[in-house]
Amino acid sequence: MNQFQHYDFQLQLILALLATFILMFALFFFLTYYSRYRRIKKSRTKIYYQEIIDKVLFDLLFDEHTDPSTAAAIFKTKTQNHRIASKLGLKSLMVLHRNYSGLLRLKLESFYVQSGLSQYSFNKLNSRDWSKVVEGIRDLSTMNHQPAYKAISDQLRHPKLVVRSEAFIALVVLRGTEELQKLRNSDLYLDDWAQSNILYNLKRTAMKPPTNPQHLLESPNETIRLLAARLIEYYQMFQHTGAIENAIVTTGNNTLRNKLQIVLNRIKNEQP
C-alpha cells in the first residue's frame, strides 16, 4: 500500500511540475506576444501622428493660407494632445526652429504656444525626474518662450547641479549676454561643458556682445570670470585685454590663472 502511495505522490509531483511548466510557457508566450503587439501599435501610432505633424508644419511654413492659429487648431483636433503626438510635434518643431529664421521662426514660436506644446514643456518643470526638468528648460529656451523666464529662474535653486546649469544657460539664451550681469554674483560652478554650451548658443542665435565684460571679470565666481575672458575672445573685444591681465594678477586660483593666461595668449595671437 505504501508503495502505491509513493508512486501516486511521484505522479502528482510530475503532473504538478508539468502543469507549472505549461503555465509558465503560456505566460511567457502571452507576455512576448503582448510586448510585440504594443511595440507594433506604438510604432504605427508614431507613424500616424508624424504624418499629421509633418503636414501641419509644412502648411504652416509654406501655405500662405495657414496661419499659426489655424495650424494649431488642426493639430489639436487631429491629435487630441496625445502624449506621443506632443513629444513628436515638439521634436519636429525644435528642429525647424533651429533651421529657420525671421518670419518663419516667429510662426513656429506662435504655433508652439497656440498648439499647447509650450504647456507640455512647462509641465516638465514640475517633474520629480530631474532629466525631465532639463528637457523642459531646453524646450522653452530653444523655442524662445519668454514667459518661461520666471519659471526657469526658479530652477536656479534646484538641488541638482545639472538642472541649475541648464537654467543658467537658458536664461542667457532667452535674454542675451546682458543677463550675465544679473547672474555675475551666482555661486554656480560653470564647468567647461556649460561654458561651451553658452558660446555655442551665442553663435547659433547671433547674440550681441555684452556691454561691460570687464565687470564680469570682477565677479566673485571664478568660473564666470573665465567665461568673461572667453566672451572677450569670441567677440574680439581686444580693448578689454587689460582687464584679463588684471584678473590673472589678482586671482589666487592657479587653475583659473592658467586658463585665463591661455585665453589671453590666444587673444594676443589674434590681434593685428
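**Exercise 1.** Which residues of α8 are buried?

*Solution.* Keep in mind that this is a predicted model. Start by locating the element: helix α8 covers residues 161–175, 15 residues in total. Next, apply the cut-off, under 20% relative accessible area for a buried residue. Eleven of the 15 residues pass, so by this definition α8 is mostly covered. Reading along the chain, they are Val163, Ser165, Glu166, Ala167, Phe168, Ile169, Ala170, Leu171, Val172, Val173 and Leu174.

**Exercise 2.** Find what covers these residues, then check the length of α8 and look at what follows the helix.

*Solution.* Begin with the neighbours: the cover of the buried residues includes α6 (130–142), α7 (149–154), α9 (179–182), α10 (192–205) and α12 (222–234). Now take the length: from first C-alpha to last, α8 reaches 21 Å, close to the 21 Å expected at 1.5 Å a residue. Finally, step just past the helix, where Gly176 takes a positive phi of about 90 degrees.

**Exercise 3.** Decide how the overall spread of the protein relates to a compact globule.

*Solution.* First, count the elements: there are 14 helices and zero strands. Then compare two values: the radius of gyration is 29 Å, well over the 19 Å that the globule rule gives for 272 residues, so the protein is more spread out than a compact globule. The C-alpha trace, for its part, spans about 105 × 60 × 35 Å along the principal axes. To round off the picture, 42% of the 272 residues count as buried, and among contacts between residues at least 6 apart in sequence, 69% join residues at least 24 apart.

Key
Residues are numbered from 1 along each chain as its sequence is written. This is a predicted model: local features need pLDDT of at least 70, side-chain atom pairs count only at pLDDT 80 or more; totals for chains, interfaces and linings use all residues. Side-chain values use heavy atoms; hydrogens and water are left out. Helices (H or I, at least four residues) and strands (E, at least two) are DSSP runs, numbered from the N terminus. The radius of gyration is taken over C-alpha atoms; the globule rule is 2.2 Å times the number of residues to the power 0.38. Buried means under 20% relative accessible area, exposed over 50%, partly exposed in between (1.4 Å probe, protein chains only). Contact means heavy atoms within 4.5 Å. The expected span of a helix is 1.5 Å times one less than its number of residues.
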